[in-house]
Structures are given as C-alpha cells and as structure tokens.
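Got the viewer open? Let's take a walk through this one together, selection by selection.

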Amino acid sequence: MVYHIFEHIPAGSFKVARDSNTVYQAFLGTCLGVALYDHTTGTGGLIHILLPEPPGSGWDASPEKYASTGIYMMIKELEKLGCKPQNLKAVMAGGGLIGPVNRQDINLDIGGRSAEIAVRLLKDAGIKIIKSETGGLSSSTLELDMATGNARIKGPQEEEFRPETAFSKPSIQDIQDTVENLKPIPQTALKILRMFQGNRVEIDDITRELAQDQVLSGQTLKICNSALFAGNIPIETLKDAVLLLGEDLLMQSVIVAAIDSYYGQVAGSGYSLRKGGLFFHAVGVAATSEKLAKKCGKVAGTNAYTAGLLHDIGKVVLDQHVADSMPLLFRNLTEKKVSFLESEKKILGITHCETGAFLAKKWKLSKALYETIAFHHYPEQASEHQDLVSIVYLADLLMERFQKGIGIQKMQTASLEPVLDRLGLSLSDIPVIIDDVPLGDINLNP
C-alpha cells in the first residue's frame, strides 16, 4: 500500500519535486493555484499565487508571490529536474470573488487578473491547460498527487450530506461548561495585558510579572527566538529580549505565547481546515492589523496587533461543538446565502463573537478589546473604538480572502467601503496592503 503525505503550499510560494508520494494542497480563495505535471518524468509542482503582479515598481524579494513572475520561476525549477515545458500539463483553480461580492471586488478582480496572466504565460511556454476552474463565488482546494500526476479541484461543500435534524444544537449550559473545561489564557498573561492597556506601563514591571510564571516565561522566550520575531539572534533571558527586541516586540511575544497555548486546544476538525489553523489566522490578522494601524495612523500598532490576536477567541469554545455541523454551515453559506454569523446562530444558538465577548468580560479585558471581539464582523456597531474594530475587520477580511484554508468563514463586505473611508484608505491601497499579508505558516520553533 502506498501512503501519501499531504503538504500544504502556503500563499506566495511553490514546491516542485520528482518521484514523490506527496500530495500537494493549496487552499484557495481569491488566490490562484496552478499545478504542473510531466508524466514522462514523474515531475511536477504546485504554486499558490497571491497577486497578479507586484503592486509597486522595482524588484521584489518574493517574486514567487505573483503570477507574472512565480509561474516562470516554477517552470525553470521543473526544467532543472529534467522536465520539458511541452510535456507539462496544467490545472488551474481559485481566483474567486469570495461572496458576498461588492463593487470593490469587481473593480480589483485580483484573482481574475492572476488567471489571465497565468493563461498567457502557460500558452507562451507551450504548456497545455487540461482543466481550469477559476472565478466563481466560492473557495476551493487544488490537490496534486505527485505519485500519479492526478490533479483534483474540490469545492468547500464536498462533505457527507446529513439533514439538519442529524445535528444536536448545544445548550447555553453546554457552552458554559466548555468555557469552564477549557484551559484559559494564563492569569499572568491577562494581568500583563491589562497593564499594557493602561496609560502608563514600565517594562520592568512586565518582566517582573512574567518571571513569576515559569511556563509562560519559557514559552515567551521560545516565541522570541522564533523566526516570527528574532530569527537568528539568540535570546536567552527576558532582559535580552527587552534589549534585542524592544518593548513592543516583547509584549507581542508574551501575548502570542499565551494565545498559542489557548488555541492549541483546537483539534482542527471544526472551524479550521487543519490543526493550528485558527492560531495561524489569529497571528496573521494581528500582523496585518499592525501594518494597517501604522499606515492609517489612527491606532497604536501594538494595540492593533493585540486586538487582532484576540479577535476570534470565541471560536476556541465553539470549535468543540461545530465539527459535526460543519457541512451544514457550509451549505448555509453557499446555498442559502446567509451570513456567517447567521449560520452560527441558527446551528449553535450563539455566535463566536457573542462567545468571545463573554470571555472578554470574564477575563476583564479592556473595552477596546471587548468591542473588537464582539463587533469585528460589523465594525459600525462598536460605540467607542470603531477605528480599532475597523482595522481588525479589514485585516480579517484580507486574511480570509488571501490566506484561504486556514479558517472557514465568509466576512460580509458591506462594511468595506465605510471602513476604507474611516481609515483614510482607498481602493488603490488594497493591493499594497495585500502584498504585506504574512505568507506561509508561522513556525514558532527557533
């Protein structure tokens, strides 16, 4: 029996190989996936394209992100493995207008332009496209079996059909029991978080509190030494972390460490398509929120980062109940055209925003974090911190569209134009912001 290893190809990257039993996967929303395979040599690869072309002028450090440069790079790598372009066959998927669709999506048409460039480049190289399912209003998964060359395009609704009566809606008591049974964010981390949200905070006070929790301290140092923060700079003590990273990055590493253990309780069969997906999404939204905050200048970057990390904490609770009902959730989103929160409310009796708001009160988080957690799907409902909530909404929307497969949801886009206006951003800023979306999986191992 041949055993396959499934390997996820993150947005903005590609992978090629020869004589492999691996199945490459790309989870696609607005991004485009292109699989190439040469049956004469048993060689192939898959690319997960983020954008049609670089949004600015000049050389880009990650040319594999773009259709205009990445496809050419992958073909060259396949040629190094013995392929001839005329022997390659191509399968394309993705590039969708992930609904609901508004005029911003249609005007940008990022996925459509990526597909057009891909078709032109493949034709110029003499590569035949044997299957293409691009565009549309839903996400998809492109798989390439490297052992056989078979490429498969799967829709999000390819799940076993079961009627609504087959699902048992959890009671409020069930939800409350889950909250009590889950391991919460450490009290030390919550105390540090509240300290950081105050008007005055001294880094010595923070490191003193952190030093009292050996587990959190160790996890924080691990995060500090990861590629996410320090990379190759060795950090052995909290004092080193302050000196080498600075206060803001140290604070981010503390919260990431706390969130890592909290999100680690998610198995990966519910909201996320794979284990660790909710955590990766949270860190991606956090990093994108920080970039948006710095660009618009309305919110402190570290505050936006923290809010982005915490925005989906309610999903950790509901994930314990949502796995069996996920096919129904998909059908509600794709067939009945209801919103993500409406579908949650109907199936579970409560939304992840409501559950997260309950946790925010229980943990005594700030009003700014409470509003972000409660209203990040509808930022106009926030009463005091609309700028922060708007930033996290936009970051969440961008991560959903361009890092598909990490989490399952459909953000409503009616708020997009008012949010752009509120933040002083325009439609032309979107490709530049997308270009800064964190790529790949976040490896927290040093």
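Start with the rings: searching the whole structure turns up 3 aromatic pairs. Keep in mind as you click around that this is a predicted model.

**Stop 1: the ring cluster**

Select Tyr262 and Trp363 and show their side chains. These two make an edge-to-face aromatic pair, with centres 5.5 Å apart and 80° between the planes. Now zoom out a little and colour by element: Tyr262 sits in helix H9 (residues 247-263), while Trp363 is in the loop between helix H15 (352-362) and helix H16 (367-375), so the pair ties together parts that are 101 residues apart in sequence. Turn on a surface and you'll find that Tyr262 and Trp363 are both buried. Add Tyr263 to the selection as well, since ring pairs link Tyr262, Tyr263 and Trp363 into a cluster.

**Stop 2: Phe279 and Phe280**

Next, pick Phe279 and Phe280. Their rings form a tilted aromatic pair, 6.1 Å centre to centre and with 55° between the planes. Are they buried or exposed? Phe279 counts as buried because its relative accessibility is 6%. Phe280, at 15%, is under the 20% cut-off, so Phe280 counts as buried too.

**Stop 3: H10 against H11**

Stay with this stretch of chain and show helix H10 (residues 277-296) together with helix H11 (residues 301-310). Their axes are 7 Å apart and the helices pack at an angle of about 155°. An angle over 145° counts as roughly antiparallel, which means that is how H10 and H11 run relative to each other. Rotate the view to see how they pass: the crossing of H10 and H11 is right-handed.

For the contact itself, select Ala282, Val283, Val285, Ala286, Ala287, Ser289, Glu290 and Ala293 on the H10 side. Facing them from H11 are Gly301, Ala304, Tyr305, Gly308 and Leu309. Colour these by class and you get 9 nonpolar, 3 polar and 1 charged residues in the contact of H10 with H11.

**Stop 4: H5 against H6**

Now for another helix pair. Bring up helix H5 (residues 187-196) and helix H6 (residues 203-211), whose axes come within 9 Å and cross at roughly 170°. H5 and H6 are therefore roughly antiparallel to each other. To see what touches, select Thr188, Lys191, Ile192 and Met195 in H5, plus Asp205, Ile206, Glu209 and Leu210 in H6. The class colouring here gives 4 nonpolar, 1 polar and 3 charged residues in the contact of H5 with H6.

**Stop 5: H15 and what covers it**

Head back to H15. Which residues of H15 are buried? Select His352, Cys353, Thr355, Gly356, Ala357, Leu359 and Ala360, and you have them. Then show the surroundings: the cover over the buried residues of H15 includes helix H4 (172-181), H9, helix H12 (313-322), helix H14 (340-348) and H16.

**Stop 6: two positive phi angles**

Most residues other than glycine have a negative phi. Keep that in mind for the next two picks.

Lys364 follows H15 and belongs to the loop between H15 and H16. Its phi is positive, near 60°, and Lys364 is not a glycine. Lys364 also counts as exposed, because its relative accessible area is 60%.

For the other pick, jump to Asp19, in the loop between strand S2 (13-18) and strand S3 (22-28). Asp19 isn't a glycine either, yet its phi is positive at about 50°. With a relative accessibility of 66%, Asp19 counts as exposed.

**Stop 7: Pro52**

Select Pro52, in the loop between strand S5 (43-49) and helix H1 (67-80). Pro52 is buried, with a relative accessible area of 2%. Draw a distance from its C-alpha to that of Ala67: the two atoms are separated by 4.9 Å, although the residues are 15 apart along the chain. Now show what Pro52 touches, leaving out residues up to four places away in sequence: Tyr66, Ala67, Ser68, Ile110, Arg113, Ser114 and Ile117.

**Last stop: the whole chain**

Clear your selections and go back to the cartoon. The chain has 19 helices and 9 strands. Of its 446 residues, 58% are buried. If you draw a contact map, counting contacts with a separation of 6 or more, 70% of them are between residues 24 or more positions apart.

Conventions. Residues are numbered from 1 along each chain as its sequence is written. Side-chain values use heavy atoms; hydrogens and water are left out. Axes are lines fitted to C-alpha atoms, for helices over the stretch in contact, and angles run from 0 to 180 degrees between N-to-C directions. Helices (H or I, at least four residues) and strands (E, at least two) are DSSP runs, numbered from the N terminus. Angles under 35 degrees count as roughly parallel, over 145 as roughly antiparallel, 65 to 115 as roughly perpendicular and the rest as oblique. Contact means heavy atoms within 4.5 Å. Ala, Val, Leu, Ile, Met, Phe, Trp, Tyr, Cys and Pro count as nonpolar, Asp, Glu, Lys and Arg as charged, and the others, Gly among them, as polar. A crossing is left-handed if the near helix is turned anticlockwise from the far one by less than a right angle, and right-handed if clockwise. Rings of Phe, Tyr and Trp (its six-membered ring) pair if their centres lie within 6.5 Å; planes under 30 degrees apart count as stacked, over 60 as edge-to-face and the rest as tilted. Buried means under 20% relative accessible area, exposed over 50%, partly exposed in between (1.4 Å probe, protein chains only).
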